[in-house]
Amino acid sequence: MIFVQLFTTFFLIGLFSFGGGYAAMPWILSLVVEQRHWLTMAEYADLTAIAEMTPGPIGVNAATFVGTRMAGLPGAVVCTLGCITPSLIIVLFLAYLYGKYRDLSIMKNVLHRLRPVVVALVASAGLTIFRLALFGENGGLADIRYVELGLFALALLVLRKTKISSILVLLGSAALGTVIYLIVL
């Protein structure tokens, strides 16, 4: 019975969490902590910290954490599947519609007009991360982080001038930054 409850709870969270994983966190608080009492507020705070610092989407990480807490590895699998199933269904449906109607002029027009919006959303997120990485929380010119600026410039140069994998550049930047902070600074 617990597996059905876990799946349906995270299916609902996945279905109504428009806006990504951070939008799922209030739903998890409401359904998991306040209604079902599966976690305490202290455990929810731990869940939030763990879900944010582990790789992957925060909503899926949180689902895995709750599932593990409630029913071990099988619970983690059930919660994770519950969380991603709505997105899977919606994306499959949209892919079907695209495959069926991609040659219609209205579909081409909609997609053509969405392209700049998607680029703007990605650029906005990128600029926010860029500002935080190079200028910190305050964002002032006096707070420039020169090591991060140098790593950014070096990574950009390597990516633009070579055919090295972006994953290797990312790993190399992490290693170089770690060495700089541990040894030099």
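**Helix α1 and the core of a predicted model**

Modeller: In this predicted model, helix α1 buries L6, T9, F10, I13 and G14.

Biologist: What makes these residues lie on the same side of α1?

Modeller: They cover an arc of only 135 degrees around the axis, and that puts them on the same side of the helix. An α-helix has 3.6 residues a turn, so residues three or four places apart point the same way.

Biologist: And what do the buried residues of α1 pack against?

Modeller: Their partners are α2 (21-35) and α4 (58-101).

Biologist: How do you know that the length of α1 fits a helix at 1.5 Å a residue?

Modeller: Its 15 residues, 2-16, should then span 21 Å, and the end C-alpha atoms are 21 Å apart, so the two agree.

Biologist: Which residues have the most contacts inside the largest nonpolar core?

Modeller: That core has 22 residues, and the ones with the most contacts are F10, M25, I28, V32, L47 and V66. Two or more residues come from each of α1, α2, α3 (41-53) and α4, and α4 gives the most, with 8. Leaving aside residues up to four places away in sequence, L47 touches M25, I28, L39, A62, F65 and V66.

Biologist: Zooming out, how many helices and strands are there?

Modeller: The protein has 7 helices and 0 strands.

Biologist: Why is it called more spread out than a compact globule?

Modeller: For 185 residues the globule rule gives 16 Å; the radius of gyration is 21 Å, well over that, so the protein is more spread out. Its C-alpha trace spans about 55 × 55 × 30 Å along the principal axes, and 23% of the residues count as buried.

Terms used
Residues numbered from 1 in each chain as written. Predicted model: local features only at pLDDT ≥ 70, side-chain atom pairs only at ≥ 80, totals over all residues. Heavy atoms only, no water. Helix = DSSP H or I, 4+ residues; strand = E, 2+ residues; numbered from the N terminus. Expected span 1.5 Å × (residues − 1). Buried < 20%, exposed > 50% of the residue type's maximum accessible area, 1.4 Å probe, protein only. Arc of directions from axis to C-beta. Contact = heavy atoms within 4.5 Å. Core = buried A, V, L, I, M, F, W, Y, C linked by side-chain atoms within 4.5 Å. Rg over C-alpha atoms; globule rule 2.2 N^0.38 Å.
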